[in-house]
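Hi there,

Here is the structure I promised to pass on to you. Have a look at it first, and then read my notes below.

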Amino acid sequence: MAARHEGRVAIVTGGASGIGKGCVERYVADGASVVIADIATENANALADSLGDKVRAITCDVTDEAQVTAMVDETVGHFGRLDFMVNNAGFVIWRSLLDTSAETWRNMMDVNITGIFLSMKAGAKAMIDQGEGGVIINASSGGGRHGVANVGHYCATKAAIIMMSQAAAGEWASHKIRVNCYTPGHIETPMMEGLLKDIGDAQSMTRDEAYKMLEDTVPWGRWGKPEDVAATVSWLCTNDAEYISGQCIAMNGAELPW
Ligand SMILES: NC(=O)c1ccc[n+]([C@@H]2O[C@H](COP(=O)([O-])OP(=O)(O)OC[C@H]3O[C@@H](n4cnc5c(N)ncnc54)[C@H](O)[C@@H]3O)[C@@H](O)[C@H]2O)c1
């Protein structure tokens with residue numbers, strides 16, 4: 001039996017690390033060709049080299065519309081089409097709202113909201129031109145459903161992603177483009193290692209104590225892994241999910257209220 005995404009082409013922004021890397025690896029296992037679009041050129045190239053000819057790395061800062069458009073054009077030029085787009089690039093910092101400068105706030109909005117908007121728009125245009133529909137999946141977060149102390153700036157961006165995705169789902173349904181979001185809980189990635197360090201420093205804990213503190217909030221009893229998110233992303237790209245659009249799907253081990 002052919003792999004479920006054989007002959008399909010995907011872009012994963014922020015695909016060089018963490019959840020994005022998990023999505024790239026899963027798409028390859030499912031038979032798709034993939035573009036890793038990331039500012040971390042070295043990591044992106046190394047990952048692409050390790051996965052073979054079906055994977056290409058393109059250096060792209062998602063906050064720059066010209067770079068995003070060129071990256072989508074290069075994807076279609078090289079692989080011939082675009083079916084799936086995972087707009088995943090983003091970052092978090094641990095900082096109270098009182099300590100957040102206007103510059104930090106704007107940078108967070110730029111990467112986490114504008115970056116996803118620009119990527120989603122460029123991907124949708126390519127899919128509309130192609131005329132065969134497509135699937136767009138945007139990275140929100142549990143923090144987009146529920147405000148969390150010391151990541152208020154981040155929560156604001158992730159809530160915006162949910163609303164933007166719902167609006168896009170309505171706008172592009174007539175083109176058979178589905179738009180959904182994922183809202184993970186705690187997933188083991190380099191981004192979360194940084195957050196664990198910040199929490200540890202702020203609360204005088206070791207990294208392992210901070211890890212355990214967060215793990216104890218998860219009824220399922222473990223942190224999530226990039227593969228947990230990638231499995232849902234892969235399924236959302238199948239025809240079994242054909243009637244699912246404008247939704248956000250959590251992978252969080254029953255952690256509430258996220
Ligand atoms: N890890 C979690 O627990 C978690 C939970 C909820 C939501 N998320 C979201 O999932 C996404 C991925 O998170 P992760 O933990 O895998 O992070 P990560 O730091 O491991 O990977 C993020 C990748 O995005 C890239 N990137 C950052 N800014 C970019 C830009 N301007 N242009 C292009 N690429 C850029 C980085 O170089 C990196 O390769 C983020 O949007 C994050 O907010 C993560």
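In α6, the residues Leu196, Lys197, Ile199 and Gly200 meet Arg207, Glu209, Ala210 and Tyr211 of α7. Sorted by class, the residues of this contact are 4 nonpolar, 1 polar and 3 charged. Please keep in mind that this is a predicted model.

How do two packed helices get described? We give the angle between their axes and the distance between the axes. For α6 (190-202) and α7 (residues 207-215), the axes cross at roughly 105° and come within 8 Å. Angles of 65 to 115 degrees count as roughly perpendicular, so α6 is roughly perpendicular to α7.

Now turn to a second pair. The axes of α1 and α8 (residues 226-236) are 8 Å apart, and the two helices pack at an angle of about 50°. That angle makes α1 oblique to α8. The crossing of α1 past α8 is right-handed. On the α1 side, Gly18, Ile19, Lys21, Gly22, Cys23 and Arg26 take part, and they meet α8 residues including Pro226, Val229 and Ser234. This contact has 7 nonpolar, 3 polar and 3 charged residues.

Finally, the ligand. Which residues come nearest to it? Among the 30 around the ligand, they are Gly14, Gly18, Gly90, Thr189 and Met191. The shell has 16 nonpolar, 12 polar and 2 charged residues. At least two shell residues come from each of α1 (18-29), α4 (102-130) and α6. Domain 1 (9-187 + 226-250) and domain 2 (188-223) each give at least three residues to the shell.

Happy exploring!

Conventions. Residues are numbered from 1 along each chain as its sequence is written. This is a predicted model: local features need pLDDT of at least 70, side-chain atom pairs count only at pLDDT 80 or more; totals for chains, interfaces and linings use all residues. A residue is near a molecule or strand if its C-beta atom, placed from the backbone, lies within 6 Å of it. Helices (H or I, at least four residues) and strands (E, at least two) are DSSP runs, numbered from the N terminus. Ala, Val, Leu, Ile, Met, Phe, Trp, Tyr, Cys and Pro count as nonpolar, Asp, Glu, Lys and Arg as charged, and the others, Gly among them, as polar. Domain bounds come from an automatic or database domain assignment. Axes are lines fitted to C-alpha atoms, for helices over the stretch in contact, and angles run from 0 to 180 degrees between N-to-C directions. Angles under 35 degrees count as roughly parallel, over 145 as roughly antiparallel, 65 to 115 as roughly perpendicular and the rest as oblique. A crossing is left-handed if the near helix is turned anticlockwise from the far one by less than a right angle, and right-handed if clockwise. Two residues are in contact if their C-beta atoms, placed from the backbone, lie within 7 Å.
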